[in-house]
Amino acid sequence: MAAALERALGSVTVGEAAAPVPVLVLGPAGSGRTALLLRAALAGGGDGPRALFLAPSALPRLPGGGDGDDGGNDPRALQRLELRYPPSAAALARELAALPARPRPPGLLLLDGLERYLGGAPGAPARLAALLLESARSPGPPRPPAQVVASLRLPPPGPHVLPALRRYFPAECRLRPGAPPRLRACLTRPGAPPRRWRLHFGPQGRLRVTPGDGDSEGDEDTEPEQDGDGDQGWG
């Protein structure tokens, strides 16, 4: 959700009301997609929502914290975070189908490495996105749906992928590598001006965030993939 990412980037405080808007985090290899999703999960320390982080493979480490209220150094934040690693699209579907039956469903649902679950079928992106959003809704007592944030590696695995996903994810956070180890982040969502930040990854994945300078460079869906070690920026 846009508010979850904005909170992770230091511009929204816990408790500010906002309608859940699914967000797609886009960036090439090594652009920090995984680190940003984890920062969103831990933002707010012990006062944030319960978070479920799904990924196709285990993380090498948890984030090392950073400046501001990212929650990385708060043990209460880690108690809110559940990590699950479904290795296939079928395993992911089972995880998502079981969410509504949980006695305490998560308030924040994060899916990293979405491209690893798509396969080659043209309808796979739409089916997975619909399942994500449906799983975020609780069938029990009235409560807001879970905030959904998913990451996709660029370039996408096919020309049909982004158009299909954008039907379900009206907000996007685009990550662009700058001079290593710096990145630029731009969040766009319906009815709001773009928000921009500069991200700097230090030792052990420590992340420092500063406001962007308001540049308006265009974003291309098929930007060339950047070389990266996949570790400094965590994906």
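## Strand pairing

Two strands pair if DSSP finds at least two bridges between them. This structure is a predicted model. In the model, strand E7 and strand E8 (residues 192-201) run antiparallel and are joined by seven bridges. On another pairing, E7 (residues 182-189) is antiparallel to strand E6 (residues 171-177), with six bridges between them.

Individual partners can be named. Cys173 has Leu187 of E7 as its bridge partner. Cys186 is bridged to Arg196 in E8. Leu183 stands opposite Leu199, also a residue of E8.

## The turn between E7 and E8

E7 and E8 form a hairpin with two residues between the strands. Gly191 takes a positive phi there, near 75°.

## The whole sheet

E6, E7 and E8 belong to an open sheet of nine strands. The order is E3-E2-E4-E5-E1-E6-E7-E8-E9, and the pairing is mixed. Strand E3 (81-84) and strand E9 (207-211) are the edges, each pairing on one side only. On average, neighbouring strands in this sheet are turned by 20° against each other, direction ignored.

Strands of a sheet pair through backbone hydrogen bonds, and the pairing can be parallel or antiparallel.

## Cysteines without a disulfide

How many disulfides does a search of the whole structure find? The search finds zero. Cys173 is in no disulfide, and the nearest cysteine sulfur is that of Cys186, 7.6 Å away. Likewise, Cys186 is in no disulfide, and its nearest cysteine sulfur belongs to Cys173, at 7.6 Å. A disulfide needs two cysteine sulfur atoms within 2.5 Å, so a pair 7.6 Å apart does not count.

Are these cysteines buried or exposed? Cys173 has 0% relative accessibility, so Cys173 counts as buried. Cys186 is buried too, with a relative accessible area of 11%. The cut-off for buried is under 20%.

## A buried glutamate

Glu115 sits in the loop between strand E4 (108-111) and helix H5 (124-135). Glu115 is buried, yet has no salt bridge. Which side chain of opposite charge is nearest to Glu115? That side chain is Arg33, 4.3 Å away. A salt bridge requires a side-chain nitrogen of Lys or Arg within 4 Å of a carboxyl oxygen, so Arg33 at 4.3 Å does not make one with Glu115.

Glu115 does touch Arg33. Its other contacts are Ser151, Leu152, Arg153 and Pro157, leaving out residues up to four places away in sequence.

Terms used:
Residues numbered from 1 in each chain as written. Predicted model: local features only at pLDDT ≥ 70, side-chain atom pairs only at ≥ 80, totals over all residues. Heavy atoms only, no water. Helix = DSSP H or I, 4+ residues; strand = E, 2+ residues; numbered from the N terminus. Axes fitted to C-alpha atoms, helices over the stretch in contact; angles between N-to-C directions. Buried < 20%, exposed > 50% of the residue type's maximum accessible area, 1.4 Å probe, protein only. Lys, Arg positive; Asp, Glu negative; His and termini not counted. Contact = heavy atoms within 4.5 Å.
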